[in-house]
Amino acid sequence: MVALFKNDQVSYRPLFSPPRSLSAKFLTLFAVFSVLYVTHSFLPSSLKPSLSVSSSRTRGTCPPRSYAAGKWVPQPPPPATHQNMTQLSDVYEFLGLEGCASSREVYWHLGADHEQLWDRFPGVSSWRWQPPDDCQVRNLNTASIIRDLVEQGGWLFIGDSVTENHFFSLSCMLYPHVRATPDYVQNPYFDRAWPQNLYLDPSSPLVSQLSFPPGFDIETTPLVTFRRIDLLFEPAALEALYRSLHPHSPLVAANANLFSDEATWNLSPAEYVKLFTAPLPRANYATMVVSTGGHWTTTLFAGLKDPELPKDGIQNVVDFFGEAMEAWAREVQSLLDEAEKRERKAAQNGAAGHQRAPRQVVVRAYLPGHEDCHDHRKPLTEYKPGRWGWYNWNQIGDFNHAFETVLESRKYPDIHFLPIDRPALLRPDAHSAGDCLHIMTGAGVLEGWTHYIWHYVTVELPGRVR
């Protein structure tokens with residue numbers, strides 16, 4: 001496992017016991033630097049001056065753009081006892097899965113709920129993403145992922161139903177070492193807003209090999225959680241933000257609503273960052289994985305719709321999206337700084353703690369759908385926007401660019417944008433069977449997101465200089 005924390009083997013020397021031969025001037029200088037260092041440690045991240053010689057961040061072994069510059073290459077299909085699918089349960093063999101911990105809409109997630117598309121198997125799982133030769137990514141290993149989720153901190157997924165696709169895929173990758181809640185077989189009526197969790201299964205043989213942090217409870221401390229949050233804000237907060245930024249806009253002048261009555265599921269940043277930073281045993285998260293974009297349409301944001309502009313004024317939505325993500329990043333970074341300050345104060349007062357990895361937020365680039373997805377049976381070599389421009393799909397790149405531009409600022413040192421959407425852009429064949437936006441488990445796209453994010457937070461980020 002990659003070590004995130006290093007213990008320097010240095011003999012103990014009392015900090016404030018210098019030799020008598022040191023001059024008074026040297027002692028004064030030493031005291032000044034000590035005060036500066038302590039002051040720096042307790043400043044919020046956005047106000048911290050750099051104490052390093054160079055302000056640039058250390059380049060890792062495989063930055064996200066380098067990873068995304070790879071290609072899909074053929075691989076042998078998983079071993080199967082059948083040549084063709086004859087029943088729903090055959091899909092596990094054809095995708096090379098032992099099972100899945102999550103029980104929510106299983107065959108939809110596995111892309112097997114439309115029999116007319118069973119001819120996709122096993123070809124859809126016969127591809128793997130190959131990064132460029134100079135891009136060294138940590139070897140994918142289920143036991144190592146679980147070890148890191150326990151010992152270095154878990155993941156909190158924040159996003160819409162595409163992020164739920166990602167969560168479901170992870171429940172299959174980690175099976176049978178994890179169990180999932182809720183149980184949608186016993187009770188299929190849980191609302192989409194209900195938290196979904198993965199917990200370490202007590203019967204897993206990995207349990208005896210793990211070093212559990214103090215306070216970690218196998219029964220109640222989740223390794224991974226998904227919360228359905230479509231817009232990253234509650235609609236009322238976005239409404240207020242728009243009115244404060246654009247007091248003279250036609251929408252405000254007409255006292256019109258920003259939103260239509262289209263259903264979405266949302267929480268405030270304060271609410272989910274509170275969950276993210278909660279202490280053991282309730283939580284042990286180190287990474288929050290965020291993605292948004294699919295619901296930012298002129299249908300939902302009806303107050304920004306303008307039929308006289310291209311695509312009904314979708315650029316109005318893109319522009320406001322950039323403003324909203326700036327406000328989001330500012331609020332989330334502030335909340336992370338406050339949590340870090342509280343934990344340092346608690347540690348000073350003798351409260352028990354453990355060496356969890358520093359909390360980080362990674363924003364995964366959103367992805368558009370493919371209008372003719374079910375006509376494809378292999379990856380593309382080049383992505384082309386949709387011919388008809390369904391929904392906001394042809395503008396998803398603009399939304400991603402706006403979010404990435406916000407996070408380029410050093411004001412948000414704990415929030416990182418991952419432009420790793422290209423592997424999905426090249427896989428029209430990997431969509432769910434019922435639509436052309438969602439991604440099926442087992443085709444390598446969702447699994448690639450897990451692989452790279454795990455690599456990024458355990459290899460790339462620890463090498464950076466904050």
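Here is a walk through the fold as a whole, one helix pair, the disulfides and two buried charged residues. Keep in mind that this is a predicted model.

Let's start with the whole chain. You're looking at 13 helices and 9 strands, spread over a protein chain of 466 residues, 50% of which count as buried. If you like contact maps, take only the contacts with a sequence separation of 6 or more: 78% of them are between residues 24 or more positions apart. As for the outside, the accessible surface adds up to about 22,900 Å², and carbon and sulfur atoms own 54% of that.

Now zoom in on a helix pair. Two packed helices are described by the angle between their axes and the distance between the axes. For α9 (residues 269-276) and α10 (residues 314-348), that gives an angle of about 35° and axes 10 Å apart. The crossing of α9 past α10 is right-handed. Who does the touching? On the α9 side you'll find Pro 269, Ala 270, Tyr 272, Val 273 and Phe 276, and they meet Trp 328, Glu 331, Val 332, Leu 335 and Leu 336 of α10. Sorted by type, that contact has 9 nonpolar residues, no polar ones and 1 charged.

Next up, the disulfides. The count is 3, and if you number the bonded cysteines in sequence order, they pair up as 1-3, 2-4, 5-6.

Begin with Cys 62 and Cys 135, whose sulfurs sit 1.6 Å apart. The torsion about their S-S bond is about 70°, so this disulfide is right-handed. The link joins distant parts of the chain: Cys 62 belongs to the loop between α1 (24-41) and α2 (64-68), while Cys 135 is in the loop between β2 (127-130) and α5 (142-151), 73 residues apart. Are these two cysteines buried or exposed? Cys 62 has a relative accessible area of 0%, so it's buried, and Cys 135 also counts as buried, at 6% relative accessibility.

Move on to Cys 100 and Cys 172, with an S to S distance of 2.0 Å. Here the S-S torsion is about 100°, so this link is right-handed. Cys 100 is found in the loop between α3 (91-95) and α4 (106-109), and its partner Cys 172 is part of helix α6 (residues 161-173), so to speak a bridge between distant parts of the chain, 72 residues apart. Both ends are tucked away: Cys 100 counts as buried at 13% relative accessibility, and Cys 172 does at 5%.

That leaves Cys 373 and Cys 436, joined with their sulfurs 2.0 Å apart. What is the handedness of this link? It's left-handed, with -75° about the S-S bond. Cys 373 is in the loop between β8 (360-364) and α11 (396-407), and Cys 436 is in the loop between α12 (422-425) and α13 (445-460), so this pair ties together parts 63 residues apart in sequence. Cys 373 is buried, with 1% relative accessibility, and Cys 436 is buried too, with 11%.

Finally, have a look at two residues with charged side chains. Arg 359 is placed in the loop between α10 and β8. At 13% relative accessibility it's under the 20% cut-off, so Arg 359 counts as buried. What does Arg 359 touch, leaving out residues up to four places away in sequence? Its contacts are Phe 276, Thr 277, Ala 278, Tyr 285, Ala 286, Glu 343 and Asp 414. Phe 276 is one of the α9 residues that meet α10, so to link the two scenes, follow that side chain on screen. Asn 284 makes a handy distance check: Arg 359 and Asn 284 are 75 residues apart in sequence, with 9.9 Å from C-alpha to C-alpha.

Glu 404, in turn, is in helix α11. Its relative accessibility is 16%, so Glu 404 counts as buried. Setting aside residues up to four places away in sequence, Glu 404 touches Arg 65, Phe 417 and Pro 419.

Note on methods: Residues numbered from 1 in each chain as written. Predicted model: local features only at pLDDT ≥ 70, side-chain atom pairs only at ≥ 80, totals over all residues. Heavy atoms only, no water. Helix = DSSP H or I, 4+ residues; strand = E, 2+ residues; numbered from the N terminus. Buried < 20%, exposed > 50% of the residue type's maximum accessible area, 1.4 Å probe, protein only. Contact = heavy atoms within 4.5 Å. Areas by Shrake-Rupley, 256 points an atom, 1.4 Å probe, with all protein chains shown as cover. Axes fitted to C-alpha atoms, helices over the stretch in contact; angles between N-to-C directions. Left-handed = near helix turned anticlockwise from the far one by under 90°. Disulfide = S-S within 2.5 Å.
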